[in-house]
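Here is a friendly walk through one chain, written for someone who likes to check numbers against coordinates. Have the viewer open and follow along.

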Amino acid sequence: QVQLVESGGGFVQPGGSLRLACAASGFSLDDYAVGWFRQAPGKRREGVSVIMNTQRYKHYADSVKGRFTISRDNAKNTVYLQIASAKPEDTAVYYCAASKYVGSSSWFLSSLYDDWGQGTQVTVSS
């Protein structure tokens with residue numbers, strides 16, 4: 001059974017840090033680009049970051065550049081999203097997704113991702 005499971009969400013104060021994990025089971029992430037998306041209440045789902053299967057290429061939304069870091073550990077079949085300098089506007093449900101079809105100019109298109117996790121809530125509040 002192909003499955004992606006996110007973990008690591010929770011409450012964090014503004015300026016704080018959090019690390020999200022996306023663990024895959026039933027398939028290997030080695031050949032997939034893995035993206036992180038988020039959706040806040042009343043807003044559309046937006047692409048946050050992606051890491052390509054080669055690990056060489058990473059992309060970030062402008063709103064998180066310099067604060068979020070994506071990485072992958074193929075041995076653990078897991079992708080991470082490190083959130084630093086958290087802001088209240090980072091509050092959302094965060095999802096990870098896997099795709100073999102995305103590129104540098106299309107990574108933020110959720111329709112190109114086949115497999116999705118169930119999401120993990122991140123709340124940034126004092």
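In this predicted model, Cys 22 and Cys 96 form a disulfide, with 2.1 Å between their sulfur atoms. A disulfide is a covalent bond between the sulfur atoms of two cysteines. The cut-off for counting such a pair is 2.5 Å between the sulfur atoms, and by that rule the count comes to one disulfide. Distant parts of the chain are linked by this pair: Cys 22 sits in strand β3 (residues 18–25) and Cys 96 in strand β9 (residues 92–99), 74 residues apart. Which hand does the bond have? The torsion about the S-S bond of Cys 22 and Cys 96 is about 70 degrees, so the disulfide is right-handed. Are the two cysteines buried or exposed? Cys 22 is buried, and Cys 96 is buried too.

**The chain as a whole**

Zooming out, the chain has 11 strands and zero helices, so to speak a β-β-β-β-β-β-β-β-β-β-β pattern when read along the sequence. Its radius of gyration is 13 Å, close to the 14 Å that the globule rule gives for 126 residues, so the chain is as compact as a globular protein of that length. Along the principal axes, the C-alpha trace spans about 40 × 30 × 25 Å.

Of the 126 residues, 44% count as buried. The chain exposes about 6500 Å², and carbon and sulfur atoms supply 46% of that area. Contacts reach far along the sequence as well: among those with a separation of 6 or more, 58% are between residues 24 or more positions apart.

**The four-stranded sheet**

Strands of a sheet pair through backbone hydrogen bonds, either parallel or antiparallel. Here, an open sheet of four strands has the order β1-β3-β8-β7, and its pairing is antiparallel. The edge strands are β1 (3–7) and β7 (68–73), each of which pairs on one side only. On average, neighbouring strands of this sheet are turned by 15 degrees against each other, direction ignored.

At one edge, β1 and β3 run antiparallel and are paired over five bridges, with Ser 7 standing opposite Ala 21 in β3. In a regular strand the side chains alternate between the two faces of the sheet. For β1, the covered face holds Leu 4 and Glu 6, while Gln 3, Val 5 and Ser 7 make up the uncovered one. At the other edge, six bridges join β7 to the antiparallel strand β8 (residues 78–83), and Thr 78 in β8 is the bridge partner of Asp 73.

**Strand β11 and its partners**

How many residues of strand β11 (residues 120–124) are buried? Four of its five residues are, so to speak, tucked away: the strand is mostly covered. β11 takes part in two pairings of opposite sense. With strand β2 (residues 10–12) it runs parallel, joined by three bridges, and Val 12 has Val 124 in β11 as its bridge partner. With β9 the pairing is antiparallel, over three bridges, and Ala 92 stands opposite Val 122 in β11. Strand β9 is also the home of Cys 96 from the disulfide.

**Two acidic residues side by side**

Glu 46 and Asp 31 make a handy pair to inspect in the viewer. Glu 46 is found in strand β5 (residues 46–51), whereas Asp 31 lies in the loop between β3 and β4 (33–39).

| Residue | Relative accessibility | Class |
|---|---|---|
| Glu 46 | 34% | partly exposed |
| Asp 31 | 52% | exposed |

Why does Asp 31 count as exposed? Its relative accessibility is 52%, and the class begins over 50%, so Asp 31 qualifies. For Glu 46, the 34% relative accessibility falls between the 20% and 50% limits, so this residue is partly exposed.

What does each residue touch, leaving aside residues up to four places away in sequence? Glu 46 touches Trp 36, Phe 37 and Arg 38, and Asp 31 touches Asn 53 and Lys 100. C-alpha separations complete the picture: Glu 46 and Leu 109 are 63 residues apart along the chain, with 8.4 Å between their C-alpha atoms. For Asp 31 and Asn 74, 43 residues apart along the chain, the C-alpha separation is 9.9 Å.

How values were computed:
Residues are numbered from 1 along each chain as its sequence is written. This is a predicted model: local features need pLDDT of at least 70, side-chain atom pairs count only at pLDDT 80 or more; totals for chains, interfaces and linings use all residues. Side-chain values use heavy atoms; hydrogens and water are left out. Two strands pair if DSSP finds at least two bridges between them. Axes are lines fitted to C-alpha atoms, for helices over the stretch in contact, and angles run from 0 to 180 degrees between N-to-C directions. Buried means under 20% relative accessible area, exposed over 50%, partly exposed in between (1.4 Å probe, protein chains only). The radius of gyration is taken over C-alpha atoms; the globule rule is 2.2 Å times the number of residues to the power 0.38. Contact means heavy atoms within 4.5 Å. Accessible areas come from the Shrake-Rupley method with a 1.4 Å probe; for residues, only the protein chains shown count as cover.
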